[in-house]
Amino acid sequence: MMRIDIITIFPKMFEPILNESILKRAQHKGKVKIYVHDLRDYTLDKHRKVDDRPFGGGSGMVMNAEPIFRAVESIKHQTPNTKHRTKVILLCPQGERLNQKIARRLARYKHLILVCGHYEGIDERVRQKLADEEISIGDYVLTGGELPAMVLVDCLARLIPGVLGDKNSLISESFEDNLLEYPHYTRPADYRGMKVPAVLLSGDHRKIGAWRKKEAIKRTKKRRPDLIRCKIRER
Ligand code: 4FV
């Protein structure tokens with residue numbers, strides 16, 4: 001069972017995704033426990049302030065270190081048994097770009113604490129002293145770290161054994177083996193004259209497997225030659 005704690009100033013943003021579909025079922029199955037914490041509950045400030053003006057001037061606001069330290073330390077205090085397998089992850093554009101390999105590695109941890117930034121950013125001392133890792137979901141700037149945290153929770157949860165109905169679906173999917181997924185078809189076999197490739201209707205699973213591999217490589221070479229290069233490098 002994996003535990004995920006999310007620290008955010010917008011806890012309600014998570015309700016819809018945690019109470020639907022696979023994430024809802026995964027929690028009900030006890031495969032993952034997800035706790036969302038309002039950062040403002042960890043401020044000592046009577047106005048529950050979590051940000052302040054940047055030293056050195058400049059536009060925008062910076063998130064204070066103290067509430068984040070207090071939140072993370074309080075959560076760690078509540079979870080002594082996962083001490084050695086807890087990772088504090090800061091979601092930020094400066095982080096390592098999330099990919100399936102990182103998702104597989106993080107899915108093996110017992111306990112993740114996700115810190116969602118806002119405003120211009122977070123006080124550097126959080127990055128230096130509290131965060132074990134920094135993850136970015138892509139080279140673009142969002143209004144907050146909440147959506148990145150949701151993306152991370154979603155791609156991790158489905159890798160936890162028993163969360164997805166059919167674990168085989170994890171084997172032949174995009175980025176497994178550094179290949180994009182092959183084309184999928186379902187009924188009807190002929191839609192507006194667009195026919196399903198005959199090999200898929202042949203029942204010859206060796207031929208179907210070979211066709212799918214060929215199509216996956218063709219698609220990857222065309223759309224993501226960088227993945228092919230990774231694949232060759234990893235050999
Ligand atoms: C982001 C990303 C991201 C930066 C300023 C929140 C925003 C604001 N996080 N991958 N891309 N964060 O844009 O993770 O604080």
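1. Setting aside residues within four places of it in sequence, D123 contacts V62, M63, N64 and A65. This description, like those that follow, refers to a predicted model. D123 sits in the loop that runs between β7 (121–122) and α5 (124–129). Its relative accessibility is 15%, so D123 counts as buried, the limit for that class being under 20%. The side chain of D123 also makes a polar contact of 2.6 Å with the side chain of R125. For the reader inspecting this loop, D123 therefore combines two features: D123 is classed as buried, and its side chain is joined to that of R125.

2. The ligand is surrounded by 15 residues, and the closest of these are Y119, I137, G138, Y140 and L142. By character, the shell around the ligand consists of ten nonpolar residues, five polar residues and no charged residues. A colleague examining the site should note the absence of charged residues from this shell.

3. Backbone atoms of several residues approach oxygen atoms of the ligand. For L142, a polar backbone atom is 2.8 Å from an oxygen atom of the ligand. For Y119, a backbone N or O atom lies 2.9 Å from an oxygen atom of the ligand. For C92, the corresponding distance between a backbone N or O atom and a ligand oxygen is 3.4 Å. The accessible area of the ligand on its own is 370 Å², and the protein covers 93% of it.

4. Which elements give two or more residues to the shell around the ligand? They are the strands β5 (86–97) and β8 (133–136). The largest share comes from β5, which supplies three residues of the shell.

5. Y119 merits separate comment. This residue is among those closest to the ligand, and its place is in the loop between β6 (111–116) and β7. Y119 has a positive phi of about 60 degrees, although it is not a glycine. Is Y119 buried, partly exposed or exposed? Its relative accessibility is 35%, so Y119 counts as partly exposed.

6. A positive phi is also found at R192, again a residue that is not a glycine; the value is about 50 degrees. R192 belongs to the loop between β9 and β10 (194–195). With a relative accessible area of 72%, R192 is exposed.

7. The backbone has a further feature at P188: the peptide bond from R187 to P188 is cis, with omega near 0 degrees. P188 is placed in the loop between α7 (168–171) and β9 (190–191).

8. Helix α9 (residues 225–234) has three buried residues, namely L227, I228 and K231. Why do they lie on the same side of α9? They cover an arc of only 100 degrees around the axis, and this places them on the same side of the helix. The cover over these buried residues includes α8 (205–223). The face of α9 turned away from the buried side carries the exposed residues I232 and R233.

9. Within helix α9, I228 can be described in more detail. Its relative accessible area is 16%, so I228 is classed as buried. Leaving out neighbours within four places in sequence, the contacts of I228 are with L179, T220 and K221. I228 and L180 are 48 residues apart along the chain, and their C-alpha atoms are separated by 9.9 Å.

10. Some values for the chain as a whole may help to place these details. The secondary structure comprises nine helices and ten strands. The chain has 235 residues, of which 40% are buried. Along the principal axes, the C-alpha atoms fill a box of roughly 70 × 40 × 40 Å.

11. Two further values concern contacts and surface. Of the contacts between residues at least 6 apart in sequence, 76% join residues at least 24 apart. The chain has an accessible surface of about 14,400 Å², and carbon and sulfur atoms account for 53% of it.

Methods:
Residues are numbered from 1 along each chain as its sequence is written. This is a predicted model: local features need pLDDT of at least 70, side-chain atom pairs count only at pLDDT 80 or more; totals for chains, interfaces and linings use all residues. Side-chain values use heavy atoms; hydrogens and water are left out. A residue is near a molecule or strand if one of its heavy atoms lies within 4 Å of it. A polar contact is a pair of N or O atoms within 3.5 Å; within protein, one must be able to donate a hydrogen and the other to accept it, and residues adjacent in sequence count only if both atoms are side-chain atoms. Accessible areas come from the Shrake-Rupley method with a 1.4 Å probe; for residues, only the protein chains shown count as cover. Helices (H or I, at least four residues) and strands (E, at least two) are DSSP runs, numbered from the N terminus. Ala, Val, Leu, Ile, Met, Phe, Trp, Tyr, Cys and Pro count as nonpolar, Asp, Glu, Lys and Arg as charged, and the others, Gly among them, as polar. Buried means under 20% relative accessible area, exposed over 50%, partly exposed in between (1.4 Å probe, protein chains only). The arc is that of the directions from the helix axis to the C-beta atoms. Contact means heavy atoms within 4.5 Å.
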